[in-house]
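Student: I would like to learn how the words used for a protein structure are justified. Could we go through one together, term by term?
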Amino acid sequence: MNEILNECLVLLINFSTSCLMDPGIFGETELGPDTLVSILLYDVGQYWTFGNENLGNFRNLKQKLPKFYLKNVFEALEKEKYLAQVANEIFTKLTDCMFESNKIANENVISSVLRVLSFLLALNTKLSNILITLPKFFLPKSGTAEANKPIIMLQNNGILSNRVMINPKSGAAVEKITILGKFLVHSYTPMNPEVLNTFKGAMHKTRRGIESSVDSMRFQIDTVHNSNYELFMSLLKAGGASRKAIVIWMSEALLLNIGAEAT
């Protein structure tokens, strides 16, 4: 029986690897990196609305994806020399989720992406060296056209939206246009829908009910903090280029925030 199960596992890993390398190889265009990203956001990230159009039959998934399965898939991709290509597609799709929307609800997407990335980097150290190659990992290099061109962003406070200009070499840019910056500033803002719903009509709610909602938000923030810790530790432990990249990112973030004041 064990031999049969092991053979089935090998076949499953080979099938999954082939789909990730060439999504249309079996005539099912949905079985590729996009589908895996949607499953990971749904399963690991616990975000049940984004990207569901790619879930297909996986929408009714009852069990979490086993770590050993994904670990073996990434090892198979590395053996076939496709790890960098596939991981880049997965990371690009994941991180783009955070920058596609300017809505307050985007905070939920950010925490989901953070959970997924910290989960993936713990599976294979090579993934850390791929993540740092994404265009949005660092700020634009000094002296380039991008570093001298102000960034126009839509700022939404939950009621009104207005366009603001941001210096691409500033602390504000670190927060808004880099991947790690998005993770570190994640919090429940006063205009977050969950915060608004918690205190809306507070006079008609019980103290226990409000305290329960506040405790729930605190728990989610603690989860974000833990995921950030795991992500940064994975990047540091991977060594080499990954460790150097995280040190450079942190140094630049600190230097750009000298003299900054909270507002």
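Student: Which kind of contact do the side chains of D215 and R218 make, and what makes it count as such?

Tutor: Keep in mind from the start that this is a predicted model. The side chains of D215 and R218 meet in a salt bridge, with a distance of 3.9 Å from N to O. The term asks for a side-chain nitrogen of Lys or Arg within 4 Å of a carboxyl oxygen of Asp or Glu, and therefore a distance of 3.9 Å earns the name.

Student: Where do D215 and R218 lie along the chain?

Tutor: Both belong to helix α11, which covers residues 207–237, and they are three residues apart, about one turn of the helix.

Student: How do you know whether D215 and R218 are buried, partly exposed or exposed?

Tutor: The relative accessibility of D215 is 45%, and because partly exposed covers the range between 20% and 50%, D215 counts as partly exposed. R218 has a relative accessible area of 54%, and since exposed means over 50%, R218 is called exposed.

Student: What do the side chains of K71 and E75 form, and how is the name justified?

Tutor: K71 and E75 meet in a salt bridge too, at 4.0 Å from N to O. The cut-off is within 4 Å, and the pair is listed as a salt bridge at that distance. K71 and E75 are four residues apart in helix α3 (residues 67–79), so about one helical turn separates them. K71 has a relative accessible area of 36% and is therefore partly exposed, and E75, at 36% relative accessibility, counts as partly exposed as well.

Student: Which residue forms a salt bridge with K169, and what makes this pair one that links distant parts of the chain?

Tutor: K169 pairs with E252, the closest N and O atoms being 2.5 Å apart, and a distance of 2.5 Å meets the requirement of being within 4 Å. The pair links distant parts of the chain, with K169 in the loop between β2 (161–166) and α8 (171–177) and E252 in helix α12 (residues 240–256), 83 residues apart. K169 has a relative accessible area of 18%, and because buried means under 20%, K169 is buried. A search of the whole structure finds six salt bridges.

Student: What else can you tell me about helix α12, for instance about A253 and L254?

Tutor: A253 is found in helix α12, and with a relative accessible area of 12%, under the limit of 20%, A253 is buried. The C-alpha atoms of A253 and K169 are separated by 9.5 Å, although these residues are 84 residues apart along the chain. L254 is also found in helix α12, but its relative accessible area is 61%, over the limit of 50%, so L254 is exposed. Between the C-alpha atoms of L254 and V174, which are 80 residues apart along the chain, the separation is 9.8 Å.

Student: How many disulfides does a search of the whole structure find, and are C19 and C97 buried or exposed?

Tutor: The search finds zero disulfides; to be called one, a pair of cysteine sulfur atoms would have to lie within 2.5 Å. C19 has a relative accessible area of 6% and C97 a relative accessibility of 2%, and because both values are under 20%, both cysteines are buried.

Student: Which residues touch the most other members of the largest nonpolar core?

Tutor: This core has 56 residues, and F91, L120 and F183 touch the most other members. Helix α5 (residues 106–121) gives the most to this core, with nine residues. Leaving aside residues up to four places away in sequence, L120 touches L40, F74, I90, F91, L94 and L127.

Student: Which residues make the nonpolar surface patch, and why is M1 called exposed?

Tutor: M1, I4 and L5 make the patch, which comes to about 360 Å². M1 lies in the segment before α1 (2–21), and its relative accessibility is 73%, which is over 50%, so M1 counts as exposed.

Student: How many helices and strands does the protein have, and what share of its residues counts as buried?

Tutor: The protein has 12 helices and two strands, and of its 263 residues, 40% count as buried.

Technical notes. Residues are numbered from 1 along each chain as its sequence is written. This is a predicted model: local features need pLDDT of at least 70, side-chain atom pairs count only at pLDDT 80 or more; totals for chains, interfaces and linings use all residues. Side-chain values use heavy atoms; hydrogens and water are left out. Buried means under 20% relative accessible area, exposed over 50%, partly exposed in between (1.4 Å probe, protein chains only). Patches are made of residues with over 30% relative accessible area and no salt bridge: like charges are joined within 9 Å, nonpolar side chains (Val, Leu, Ile, Met, Phe, Trp, Tyr) within 5 Å. Accessible areas come from the Shrake-Rupley method with a 1.4 Å probe; for residues, only the protein chains shown count as cover. A nonpolar core is a set of buried Ala, Val, Leu, Ile, Met, Phe, Trp, Tyr and Cys residues joined through side-chain atoms within 4.5 Å. Contact means heavy atoms within 4.5 Å.
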